[in-house]
Amino acid sequence: LSAAEASAGQGNLDKADLLLSGAKEYAQTRYDRARLYRLLATHMHLRGRNPEALDILREILPLMGCEVPNKANVCESQLSEQCNAIKNYVDRNGIESVLTQEVCTDPEFCETLRLLQLQFYAAWRGGETQLAQLGLARMTLLTLERGNSEMSPFGLVGFGLVAVVKLKDYELGYRFGQVAVR
């Protein structure tokens, strides 16, 4: 996996794909499978093959506890549930409470947030804006529930966008943006 990541980082996606094609049999742990699938989905996304990237994410994210819905009504329902859970958390604890949370070092948690970030990118660029927003909302709720990671600011500022666009709550969106940059 490391060699494939290095090849991709150097812009050699063909070599990275070749390395990844043989890596599935060696990905024994859930974390290794998540990393592998993230790399596969990233390569699809970088090639503009966003529907294929989303198919890969639909396969791995349930293993990490996050379903990626195929139907718009299911996506809308899940997005509403996530938004309500975030608003309830903020009402109980305040947005600023995220600033005092411990940094979560669990590699599976961090990898889940990376996968959800990729869900945002692939869905957004593929024209599935609700699915993109769902990825941001999930990143935010996981951060609120489990702690911060290097991916948390992306999810928090992204949820600021969701708060403005979906919830029409400009103050909440601004507050999430402010917390994300601290």
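Here is a quick tour of the protein chain as a whole, followed by a closer look at Leu-115.

Keep in mind that this is a predicted model. The fold is built from helices: the protein chain has 9 helices and 0 strands, so reading along the sequence just gives you α-α-α-α-α-α-α-α-α. With a radius of gyration of 17 Å, close to the 16 Å that the globule rule gives for 182 residues, the chain is as compact as a globular protein of that length.

A few whole-chain numbers, side by side:

| Property of the protein chain | Value |
|---|---|
| Span of the C-alpha trace along its principal axes | about 50 × 35 × 25 Å |
| Accessible surface | about 9,000 Å² |
| Distance between the mean positions of positive and negative charges | 2 Å |

Of that accessible surface, 50% belongs to carbon and sulfur atoms. The charges behind the last row are 20 positive and 22 negative ones. As for the inside, 49% of the 182 residues are buried. If you take contacts between residues at least 6 apart in sequence, 66% of them join residues at least 24 apart.

Now zoom in on Leu-115. You'll find Leu-115 in helix α6, which covers residues 107–125. Is this residue buried or exposed? Its relative accessibility is 0%, and buried means under 20%, so Leu-115 counts as buried. Leaving out residues up to four places away in sequence, Leu-115 touches Ala-34, Arg-38, Leu-57, Ile-60, Leu-61 and Met-64. Val-103 sits 12 residues from Leu-115 along the chain, and the C-alpha atoms of the two are separated by 18 Å.

Terms used:
Residues numbered from 1 in each chain as written. Predicted model: local features only at pLDDT ≥ 70, side-chain atom pairs only at ≥ 80, totals over all residues. Heavy atoms only, no water. Helix = DSSP H or I, 4+ residues; strand = E, 2+ residues; numbered from the N terminus. Rg over C-alpha atoms; globule rule 2.2 N^0.38 Å. Buried < 20%, exposed > 50% of the residue type's maximum accessible area, 1.4 Å probe, protein only. Contact = heavy atoms within 4.5 Å. Areas by Shrake-Rupley, 256 points an atom, 1.4 Å probe, with all protein chains shown as cover. Lys, Arg positive; Asp, Glu negative; His and termini not counted. Charge placed at Lys NZ, Arg CZ, Asp CG, Glu CD.
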